[in-house]
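Here are my notes on the model you sent round. They are set out as numbered points, to be read beside the coordinates.

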Amino acid sequence: MTVVEDRPATAEAPQPRRVNPLWALLRNSWRQLTSMRTALVLLFLLAVAAIPGSYFPQTSVNRERVSQYYTAHPDLAPWVARLGGFDVFASAWFAAIYLLLFTSLVGCVLPRLRDHARAMASMPPTAPKRLERLPQHAAASTRPEDPAAAAASLARTLRRKLFRTRVVPLPDGGFSVAAEKGYLKETGNLLFHFALLAVLIGVGFGHWYGWHGNRLLVTGADQGFCNTITQYDDSALGPRVDAGDLPKFCMRMTDFEATYQSTGQPKSFLASVEVKEGNGTYQPADFTVNDPLRLHHANVHLIGQGYAPILRYTDKYGVSQTKIVPFLPTDAMQTSTGVAQFPDVNIDPKTNQRDPKLQVGFEGVFLPTGSTDGSATSTFPAANNPMLYLAAYRGNLGLDVGKAGSVYALDRGQITNGELKKVSGERPYALKPGQTWTLDDGSKLEFVGTRQFATLSIRYDPTQTTVLAGAVLGLLGLMLSLFVHRRRVWFRVSPAEGPDTGGSVIEAGGLPRTDYPGFAAEFAALTRTDTDGGPPGHAEEGTP
Amino acid sequence: MANLSDQLMALAVLTYLAAMVCYAGEYAFGRRSRIGKAANRPARQLVGAGAPVDAEVPADPVVTEPAAPEKPGRGEWAGRIAVALNVVALALHLGTLVTRGIAADRMPWGNMYEYIASAAFVGSAVFMGVLLRRPALRHLGLFSSLALVMLLGAAALVAYTPVGPLVPALHSYWFIVHVSTIIISSGIFLIGAVPAAMFLIKNGYDQGKRSFPYTLGKRVPTPAAALERLTFRLHAFAFPLFTFGALIAGPLWAEASWGRYWGWDPKEVWAFISWVVYAAYLHARATPSVKRTAATWIALLGFVTMLMNLFGVNLFFEGLHSYANAG
Ligand code: HEM
């Protein structure tokens, strides 16, 4: 490409005029910022700045691993957090780099756009004096036509080959035929850089106006949910989104089907749901991994699955409660851990008072396929032989304090401080569906059965398509920029020596303006002449 | 079938190794005359030296075999055998992938081991293609086969995964589009590092550097500028392909699968880093005030980031892409 740096300063003769130093500083900084070298440095910085984003766990990728990092490196973690190490791609310094880079890009690309527009509007310059000094040169050859006819025929051939061609008469009665091709290279380059800008803006808007939430959904009409923030296990709204802006829909899962290879590797998943959008009625729909359910302004993705045992607890007064408690899978065979907590039990019917010391919790593992040897891990992910191994606790579950705790484990603090006591034996109690376990106080726990659950990620990103369009246009521009070659050829057509020959002498030169290995061949084809002096380009017209 | 694939892989590595030994033999015994002659040929690009400044690098320096029909010496024979072995190795390599694909009943791109083996195959095939058009570049074979032996060896040692079916997340058209384009472009980037390194060596040698890696440049017949141009063309070809695979097809698939088109998962972070570094290479090469050697160093840096993405990310970090986990 032509020299891009060091664009000559505006050509006005520099009158010794006092320049405001601030203005000079600004102007120089701007020049510096928009130079290719700065762009290079900033590109490097961007690459380097991204590295910590792969080294430290990122909140946006996996929140749990960030907390694990806090546990593993209690001293370091707060510092990492302060420096934005867990949110590299949202950090101020990362933003500073790319904003500078894009400012540089705008400053670089706008003048180039102007220059390119000018180049498009102007015609190729006339032939340089000494064609033999160009990288490609064809020595003079003669032709029977007179110069005007020869020049016209040359120009015709060149135009047919999509060269932008200009014929200029020369003082000696000859003609200069100047031709240029490959403007699309620069067009593509500009398109590419503008597309980058479009992608950045698209991503930014998507971040502002998008939202997402995660929800664990158990099968069954009694377990449905509607699209409100409170119904999500966790969610994030873009800065410009209000809870009230979420589209209205409700969903319940009627069935979840999973199939597995004999090795336990999953083969397929299918979630069947009923969805009600707006004020409509429930309609059936299916979706699976890689094939989300696309609703109006919300896409529902299936990202995980597991089991939820159904447990019925009957307290010592004979009052029973049923809970469907999802257990979270911990391995590929769906060995899952979870907890069932019953805070509102053992209410004395006489006083109608709840005794906080008589709350009950069960903690343990669920195995979809328990083995006969009683090992504590599942041997297959399908529910072939469901088993629950539970320990029972009685006392204060610590749920009333208002402290945010995990819903998948008992409050360890309550156990250590003795408020919550284990009331079952050393070994966990094994239960199969339909079996009942009677505790020391006569209360009972029945393992009623299991249901499947699906983990859903529900998202909306309004600029997704814009970003895609930007990326595709950018790729197009990139390819034009890399594979189109800008080149010039000149023919000088002079009258042949001698008064009445009437013929002309033609000399040609060629200049590839970018690295273009095929230019020699192209130039040779353009300048090839038949022995009987047909117009150049004639020869290869018949060949494919 | 799976065992056959593993055996073929071992054979392929051994054959690449044998080819490498023969290439090295040509290096060691190559007659100075042949190499010297080619090296002394005036570099063609000097022809354009008088041209207007905006001609960057004009004519194509075609490096032809020296037209010396003297009896091929020992070095020449070593070179020919090396190429023959290299072709056999390529065939075995292809066999490895095909049998693996048949054993798994799918494209052999389901895990890191298969992915690296496929990318290395593309690199190897591209090198053969280049060799077909420019036989004089044969001496690069030493380095390309070295790179292949190391890549495949590392893949077999640290990333080997038994044949298995795809997890549901990989059942997607985008899987094929995304992975195949990334494999092809990675393969070309990887093999592009060979002429890049040779350019730096040869160029250093031409400028009088005589310390270790530069001494290798003594026996490189191809002019430095031609190596540099080959480097650029390989990278310029791979870059848009990589852009498509990693930055368009990948996000399209990620959107369908995980709901977000880009999430800064470690694999994505490193693809982004590689992309930015290669973009910087193209920039640097297009900037007149940046030396070609500096630009080429950036290309090698890109190579390092690719290796990091192929091996490092899978071994050190855990992300959504962990289906690619080794073992
Ligand atoms: C977001 C960051 C940027 C990226 C990813 C990027 C990427 C690229 C790529 C891949 C090329 C190669 C295409 C080709 O060779 O034609 C290129 C070319 C170019 N870029 Fe950028 N660029 C960025 C920012 C900038 C900035 C800030 C400037 C101005 C200072 C700039 C100026 C140029 C110029 C002048 C070329 C043409 C090179 C040539 O002459 O071929 N780019 N850019």
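The points below take the contact between the chains, then two sheets of chain A.

1. The model is predicted, and the remarks that follow should be read as remarks on a prediction.

2. How many residues does each chain bring to the contact? Chain A supplies 63 residues and chain B supplies 62 residues. About 5100 Å² is buried between chain A and chain B, and carbon and sulfur atoms account for 67% of that area.

3. Between chain A and chain B there is one salt bridge. A:R294 and B:E255 form a salt bridge through their side chains, with 2.7 Å from N to O. Nine residue pairs are in polar contact across the interface of chain A and chain B, counting pairs with both residues at pLDDT 80 or more.

4. On the side of chain A that touches chain B, the elements giving two or more residues include helix 2 (36–55), helix 7 (184–209) and helix 9 (464–483). Strands are also on that list, among them strand 8 (266–277), strand 11 (298–314), strand 20 (444–460) and strand 22 (504–512) of chain A. Helix 2 of chain A gives the largest share, 13 residues. By residue class, this side of chain A has 38 nonpolar, 14 polar and 11 charged residues.

5. One sheet of chain A is open and has five strands, in the order 1-22-21-3-2, with antiparallel pairing. Its edges are strand 1 (136–143) and strand 2 (164–169) of chain A, each of which pairs on one side only. On average, neighbouring strands in this sheet are turned by 15° against each other, direction ignored.

6. At one end of that order, strand 1 and strand 22 of chain A run antiparallel and are joined by six bridges. A:T142 has A:V505, in strand 22 of chain A, as its bridge partner. Helix 10 (residues 519–527) of chain A packs on the sheet. The strands touched by helix 10 are strand 1, strand 3 (175–181), strand 21 (487–495) and strand 22 of chain A. The direction of helix 10 makes about 30° with that of strand 21 of chain A.

7. A further open sheet of chain A consists of four strands in the order 5-7-8-9, and its pairing is antiparallel. Here strand 5 (225–226) and strand 9 (283–287) of chain A are the edge strands, each pairing on one side only. Strand 8 of chain A, a member of this sheet, also gives two or more residues to the side that touches chain B.

8. Which residue is the bridge partner of A:C226 in strand 7 of chain A? The partner is A:C250. Strand 5 and strand 7 (residues 249–260) of chain A are antiparallel and joined by two bridges.

9. Strand 7 and strand 8 of chain A are antiparallel, with 11 bridges between them. Within strand 8 of chain A, A:V275 stands opposite A:M251. The two strands form a hairpin with five residues between them, and A:G264 in the turn has a positive phi of about 100°.

10. Strand 8 and strand 9 of chain A pair in the antiparallel sense over five bridges. A:V275 has A:Q283 as its bridge partner in strand 9 of chain A, while A:M251 is opposite A:V275 in the pairing with strand 7. The hairpin of strand 8 and strand 9 has five residues between the strands, and A:G278 takes a positive phi near 55° in it.

Terms used
Residues are numbered from 1 along each chain as its sequence is written. Chains are lettered from A and ligands numbered from 1 in the order in which they are written. This is a predicted model: local features need pLDDT of at least 70, side-chain atom pairs count only at pLDDT 80 or more; totals for chains, interfaces and linings use all residues. Side-chain values use heavy atoms; hydrogens and water are left out. Contact means heavy atoms within 4.5 Å. Buried area is the accessible area (1.4 Å probe) that two parts lose on being put together, summed over both. A salt bridge is a side-chain nitrogen of Lys or Arg within 4 Å of a carboxyl oxygen of Asp or Glu. A polar contact is a pair of N or O atoms within 3.5 Å; within protein, one must be able to donate a hydrogen and the other to accept it, and residues adjacent in sequence count only if both atoms are side-chain atoms. Ala, Val, Leu, Ile, Met, Phe, Trp, Tyr, Cys and Pro count as nonpolar, Asp, Glu, Lys and Arg as charged, and the others, Gly among them, as polar. Two strands pair if DSSP finds at least two bridges between them. Axes are lines fitted to C-alpha atoms, for helices over the stretch in contact, and angles run from 0 to 180 degrees between N-to-C directions.
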